[in-house]
Amino acid sequence: MRPLKDRGRPWTLRDVGSTYDYEKTVGEGVYGEVFQATEKLTKDARALKRVKTDNATEREGFPITALREANVLKRLAHENVVTLHEVLTDGDGGVISSFEFCAHDLAGLIESPKMNLLIKRPARVRSLARQLFAGIDHAHAHGVLHRDIKAANLLVTKDGVLKIADWGLARTYESDSKLTNRVATLWYRAPELLLGATRCSDGYGPALDAWSCGCLVAELLRGAPILPGNTEIEQVDLIFALCGSPTTDTWPGGPNLPLWDTFCNVDEDDSSVKERTLRERFSAFDAEALDLVDAILQCDPSSRLSASDALQRPYCRDAPRPSELEPLDGESSLELEVRKRRREKKGSGEARKS
Amino acid sequence: MDDAPSSIDGQAAVDEEDDKLLTEHHVTLLPPHLLRETPSQRDGIAREEEDKHRRWACGLAQEAGILLKLPQQVMCTAQNLLHRFYYRKSLKSYDAFVAAMGCLFLASKVEEKPKRLREVLFAFHYVYKVRTNSTEKMELGGAMYAGWKESLVMVERTILKELGFSFYVIEHAHRFILFYVKLLDGDAELAQEAWAYCNDSLRTDLQLRSKAEVIACAAVKLAAAKLRRTLPSLEKDGVDWWAAFGVDGGELDRAAAEITELYAASPLVWLPSLAPAPRLTDPAFAAAVLARQEAREAEKKAAQEALDRARAEAAAAPPPAPAAAAADERRARSRSRSRSRDRGRRRRDRSRSRDRHRSRRDRRDRSRSRDRTRGRRR
């Protein structure tokens, strides 16, 4: 078990104003805000996430997402899982989680014109892929599902170490209780979720994270999202066009899913039955990468490659360590900042036009 | 899962690193030196009196939990939290009724069966009404509601703080009951009875001193005695069945005696709070909370109006340079911000609409870049 904090009384909901110096806001979204800050005593750089409390309806006390995140991250200790140092409060009754600070997130790196080149190098992608699977495998080994793997939730330090962040949707999966299928960002949502799986017996489990990881690795290799659906129906169509329409042969457990009949129950000779085109579409990938992506992007969760198996595949096994690659120096590429910069650039461009 | 409950081994080390240990999430047993004297005892409250309050608070949590149709797991966790909480804080500082509310509310989240804050409040208010024959009505937005809500939110935080966010993976004795009964060839009736003893055992702090296995064995033994069943010995050579589960006979008997003791005590309907004011039942406290809340709302409203006014002025003014308008608005915003402490909502609304724009633009950008890559491939 990881030592929680080496100094003072740990985890005692200290007041943020008296323990940290605010630097700047580095992220905003529906979840809340993220600030960069410095610990007053140790001068450590931290990312402070202020969880949004639902003021609109009624304050529900301590936010359950912050509880989950604290619970999950207290169990996990891994190089590729972000470290939660403590939970704090502010004067307004807000709840703030203090994480280790990372200079980049993957979404920002992809969008940043300068960093994009560094990120696209095959050795870098390979290293990131291995780290992603290593972190997720650690979580799965501890009975935790992340449920929202996407580029914006993957932080990268300037040394190129990937850290899986944002565990507010994470759940433990010991019991066969009903869980929601409305998780994960649409583009990275696994087919069993789209077909309505809500229980372990439906295939709801670690495989859903593996799917998201597979999508992400393919996206890094290809340079663009592979399954950018706008609606759930379109998303299913895109998946089937890539992976082939599932049948009871390729996905024996499929017919138990609530929406199987809606999407998959078609006549054998129907023209809407799609062939698997994955290998052709990703023929530009090198053989080892293609082998990995092909094994992960399987509609049937039970035949999908798990994160721990993915680590054994040559693509991940022989991936370079972050220290063997050049550091990701330069300006911070957190998604918000990249967008801000781009917006400013665009704004000035439009001004010139008019 | 590698989260086995820890034993009371290594006491010397425990004494030294009490805080550190307490905050590690897998610890469900408290170190003995902490069990020796509770904060309430240090405040001059007799141990018997404290036990009464603990027992009463557990009863409240159980009752409210049933009203809320929560599974037993939640009530077990709530009672566990409650006992641990009173090893950190005194009854002189935290009223047992409020602590029971806080523990049940928090436990419902911990066990992923969250209940709305207002549901918890109304359930406890019902329990309060029935037990005190009170006719007071609690209305949403009323003074009483405001006072109760504030107490609940405050106590929830205090619990989190005191337990150092260590409340998960609580190993309940219930987990072992079915397993043991099955191994002992017991029937459903025996399991049911043992389960009930297990539930009752939560009202004592036994769970913080004895391993879940011990409590489970004690419950099975008590249940078998009550139903006049003879339990088979698992092994032929005269080994007691509990020994086969790794449970010490003496420890088991002590646990069983403690559970039995519960039934000798008379039922507790209502205990007056040991904490000085503010009290839940104090109308002055409720009124003060409500007044504070209304002042906050008024402040918020004033800030919003100021912002609207600034915006309207900016719109009415002859078209200024866009940068200047933005700066104006920013100024207005910071002005109103300094006036308002509770500004979250407005900002959120704005950022939400911004998010929407942003995501639309993103999609456009992404599809553009897709087109570009496709073009290149061709």
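**Chatting through a predicted model**

A: Let's start with strand E3 of chain A, residues 32-39, in this predicted model. The strand is mostly covered, with 8 of its 8 residues buried.

Q: Okay, and which strand is E3(A) joined to by bridges?

A: That's E4 of chain A, residues 45-51. There are 7 bridges between E3(A) and E4(A), and the two run antiparallel.

Q: Can you give me a pair? What's the bridge partner of Glu33(A) in E4(A)?

A: Glu33(A) has Arg50(A) as its bridge partner.

Q: How many residues sit between E3(A) and E4(A) in the hairpin?

A: There are 5 residues between them. One of the turn residues, Lys43(A), has a positive phi of about 65°.

Q: Switching to helices. How far does H5(A) reach from its first C-alpha to its last?

A: H5(A) reaches 28 Å with its 20 residues, close to the 28 Å expected at 1.5 Å a residue. Just after the helix comes Gly143(A), with a positive phi of about 75°.

Q: Is H5(A) largely enclosed or largely open?

A: Largely enclosed by the rest of the structure, because 16 of its 20 residues are buried.

Q: Pick one residue in there for me. Is Gln131(A) buried or exposed?

A: Gln131(A), which lies in H5(A), is buried, with a relative accessible area of 1%.

Q: And what does the side chain of Gln131(A) make a polar contact with?

A: With the side chain of Asn80(A), at 3.0 Å. Leaving aside neighbours within four places in sequence, Gln131(A) is also in contact with residues including Gly160(A), Val161(A), Leu162(A) and Pro322(A).

Q: New topic: how many disulfides does a search of the whole structure find?

A: It finds 0 over all chains. A disulfide is a covalent bond between the sulfur atoms of two cysteines.

Q: Why is there no bond for Cys215(A)?

A: Because the closest cysteine sulfur, in Cys243(A), is 8.0 Å from the sulfur of Cys215(A), too far for a bond. Cys215(A) is buried, with a relative accessible area of 1%.

Q: What about Cys299(A), how far away is its nearest cysteine sulfur?

A: That sulfur belongs to Cys243(A) and is 4.7 Å away, and Cys299(A) is in no disulfide. Cys299(A) is buried, with a relative accessible area of 6%.

Q: Last one, chain B. Which residues does the "Cyclin-like" domain annotation cover?

A: According to an unreviewed UniProt entry, residues 62-161 and 175-261 of chain B. In the model, residues 62-161 of chain B are 70% helix and 0% strand, and the end C-alpha atoms of that span lie 23 Å apart.

Conventions:
Residues are numbered from 1 along each chain as its sequence is written. Chains are lettered from A and ligands numbered from 1 in the order in which they are written. This is a predicted model: local features need pLDDT of at least 70, side-chain atom pairs count only at pLDDT 80 or more; totals for chains, interfaces and linings use all residues. Side-chain values use heavy atoms; hydrogens and water are left out. UniProt positions are given in the numbering used here, feature names are shortened, and annotations may be inferred rather than shown by experiment. Helices (H or I, at least four residues) and strands (E, at least two) are DSSP runs, numbered from the N terminus. Buried means under 20% relative accessible area, exposed over 50%, partly exposed in between (1.4 Å probe, protein chains only). A polar contact is a pair of N or O atoms within 3.5 Å; within protein, one must be able to donate a hydrogen and the other to accept it, and residues adjacent in sequence count only if both atoms are side-chain atoms. Contact means heavy atoms within 4.5 Å. Two strands pair if DSSP finds at least two bridges between them. The expected span of a helix is 1.5 Å times one less than its number of residues. A disulfide is a pair of cysteine sulfur atoms within 2.5 Å.
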